[in-house]
Amino acid sequence: MALKTPSTFLSPLSLPKHYTLSIFNPVSLNIYRKSTPLSCKSTHSHSPSQLPLSDTKLLSSEPEGTGAASPTRGDRFLERQQADEAAKLLIKEIKKTKKKAKKVLKVNTATACCYGCGAPLQTSEVDAPGYVDMDTYELKKKHHQLRTILCGRCRLLSHGHMITAVGGNGGYSGGKQFVSADELREKLSHLRHEKALIVKLVDIVDFNGSFLSRVRDLAGANPIILVVTKVDLLPKGTDFNCVGDWVVEAITKKKLNVLSVHLTSSKSLVGIAGVASEIQKEKKGRDVYILGSANVGKSAFISALLKMMAQRDPAAAAAQKYKPIQSAVPGTTLGPIQIDAFLGGGKLYDTPGVHLHHRQAAVVHSEDLPILAPQSRLRGQSFPGCQVSSKNGMAGKFNSNGLNGFSIFWGGLVRIDVLKVFPETCLTFYGPKKLPIHAVPTHEADEFYKKELGVLLTPPTGKDRAGEWRGLETVQQLQINFEDAERTGVDHH
């Protein structure tokens, strides 16, 4: 139900920003032929005794020997036919042997990877991705079961530990970093040269931030199916038809041609059947790659997809046993993970997330990330109605003068300076429940932020992390227009 006073829809899941807000009324033939054998006959006559034995046999019109036991021409014909068949069988066996030798060589030279994250298996560095103890590695190798190994890091991730491994531009702060975001991006560079079907995932809660506007740099001219994830987090009563129309309009503006658009939830399986059907229809024997930015829900989507496909495809049912690990920490998948999910040819691949420097997960400490990951439906926090951090009876003054002259902090991530609004204006914030909202008069905002960052204003959590915090780097002025006071004005930024 829309509020009867103008409000705004704001999402916290993009780079920390400092907003100033004002609200106004609008305004390009070769022909090859098979060679034909030629038979030449000499004009000179030869006596049979002057010819080689084989030619004597061929030219003689009389059978060799005498009596009923001598071989007839039919017998010789049958002998030749049998000899030809034996030669063909021998050649066939030789080819089979060569093929087997090639296959064995391919398996022996391939690098075994963890089925949970795609990191190459190793036995030397305990803390690094792909680690497995030597005894387990040797046992699995002996029984040709290396593809069934889950590395130590994945085991910890599956138990809720927040272990980062990706650093560099778009990587994450906190914890050890073993691979750069650029190195992960490079692992996807072969895609543009292959014939594949791309399933591109976008997070509905952070649509613009997770969109990958330059996806063609990775996917090339391959066909794309667009899947919007996490629609179960949208507020209760959301009209999915309107959301679908909005998504189609958005991708049209971004000039991205796609085969189809699907709104999905890996948690409730909403829309997953439609995606499975579309993939089976469009893959045409090609490999299928799941592509998207980091932490957009690729591994969860693959798990849901396999669950849906398993009802009709035994290959997908078998693949469910060794599926990619799911974790709240971005950068869980560190290499392409091959999944034998289709009976009709082609493989399914989970890929490393594309790490984007402008998303909040790239600057927030790994241990603070769970705060920013909504686990249930988003509920709006209306303002006024939030905590007003001020002294000397400022709450009363706030109520009488509206939001004019106030600065609103959304955790330590967002600051909104209200420049000019109607006194009755109400702002509604949709985001994680654990992200607190505080308001102070604008002239006190700088001092308040410096003093309370890491304490009242979290994340970052704690003064130590606050000391490493890069601050509110981006300043942007928004003008939210509305024509009807009965309908909400919305921030699409």
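Which strands does helix α9 lie across? In this predicted model, α9 (residues 298-309) lies across β5 (196-203), β6, β8 (287-292), β9 and β10. Its direction runs at about 150° to that of β10.

Those strands belong to an open sheet of six, and reading across it gives the order β7-β6-β5-β8-β10-β9, with mixed pairing. At the edges sit β7 and β9 (337-339), each of which pairs on one side only. On average, and ignoring direction, neighbouring strands here are turned by 25° against each other.

Both ends of the sheet are worth a look. At one edge, β6 (residues 224-229) and β7 (residues 260-263) run parallel and are joined by four bridges. To get from β6 to β7, the chain passes through helix α7 (residues 240-253), making a right-handed β-α-β crossover. Within this pair, Val228 stands opposite Leu263 of β7. At the other edge, β9 and β10 pair in the antiparallel sense over three bridges, and Ile339 has Leu348 in β10 as its bridge partner. Helix α7 also packs on the sheet, where it touches β6 and β7, and its direction makes about 140° with that of β7.

After β10 (348-350) comes a loop that leads to β11 (380-383), and Ser366 is found there. Ser366 counts as buried because its relative accessible area is just 3%, under the 20% cut-off. Its C-alpha lies 8.7 Å from that of Pro330, although 36 residues separate Ser366 and Pro330 in sequence. Pro374 is found in that loop between β10 and β11 too. Beyond its neighbours within four places in sequence, Pro374 is in contact with Leu233 and Pro432. Leu233 is 141 residues away from Pro374 in sequence, yet their C-alpha atoms are 7.4 Å apart.

Note on methods:
Residues numbered from 1 in each chain as written. Predicted model: local features only at pLDDT ≥ 70, side-chain atom pairs only at ≥ 80, totals over all residues. Heavy atoms only, no water. Helix = DSSP H or I, 4+ residues; strand = E, 2+ residues; numbered from the N terminus. Buried < 20%, exposed > 50% of the residue type's maximum accessible area, 1.4 Å probe, protein only. Contact = heavy atoms within 4.5 Å. Pairing = 2+ DSSP bridges. Right-handed = clockwise from strand over helix to strand, strands pointing away. Axes fitted to C-alpha atoms, helices over the stretch in contact; angles between N-to-C directions.
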